[in-house]
Amino acid sequence: VDAAAERFEIPSTVQNGTPPIQLTDRADVVAFNESLPCGAELTEAERSGEYTIATFELTERPGPGECGSGVGETAKTAFVIHNGRIVEWRRVVDQPPTEPPSTGPVI
């Protein structure tokens, strides 16, 4: 948790299924990281404007937290990084691709 917290700029903004939350000191950053129940391994990253969209495979993590049935699932996070530090961390809804609407039977 401490190593992850060191990657955040002060202040920074996080959003994990909540309205945006401003982290204004190192204690806030540590508390946010401790609130995440799973560890994660990066599997893919791509740029989208100022964001880097990262896909992670969820894992159990050392210390407090219990990922449970989330282990092996994927999660996506959008990051804005300035000078090597995270200034925005936003959970991205990982949805399957949508299929085009059916046009109905051909007559």
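This passage describes the aromatic pairs of a predicted model, together with the surroundings of one threonine in a strand.

Three aromatic pairs are present in the structure. In one of them, Phe 8 and Phe 32 meet in an edge-to-face arrangement, with 6.2 Å centre to centre and 70° between the planes. Because Phe 8 belongs to strand E1 (residues 8–15) and Phe 32 to helix H2 (residues 26–35), this pair ties together parts that are 24 residues apart in sequence. Phe 8 has a relative accessibility of 2% and therefore counts as buried, and Phe 32, at 10% relative accessibility, counts as buried as well. These two residues also take part in one aromatic cluster, which is formed by Phe 8, Phe 32 and Trp 89.

A further edge-to-face pair is formed by Phe 56 and Phe 79, for which the computed values are 6.3 Å centre to centre and 75° between the planes. This pair links distant parts of the chain, since Phe 56 lies in strand E4 (residues 51–59) and Phe 79 in strand E5 (residues 74–82), 23 residues apart. Both Phe 56 and Phe 79 are buried.

Strand E4 also holds Thr 55, which counts as buried because its relative accessibility is 10%, under the 20% that marks a buried residue. When neighbours within four places in sequence are left aside, Thr 55 is in contact with Glu 41, Leu 42, Thr 43 and Glu 44, and likewise with Thr 74, Ala 75 and Lys 76.

How values were computed:
Residues numbered from 1 in each chain as written. Predicted model: local features only at pLDDT ≥ 70, side-chain atom pairs only at ≥ 80, totals over all residues. Heavy atoms only, no water. Phe/Tyr/Trp six-rings, centres within 6.5 Å; stacked < 30°, edge-to-face > 60°. Helix = DSSP H or I, 4+ residues; strand = E, 2+ residues; numbered from the N terminus. Buried < 20%, exposed > 50% of the residue type's maximum accessible area, 1.4 Å probe, protein only. Contact = heavy atoms within 4.5 Å.
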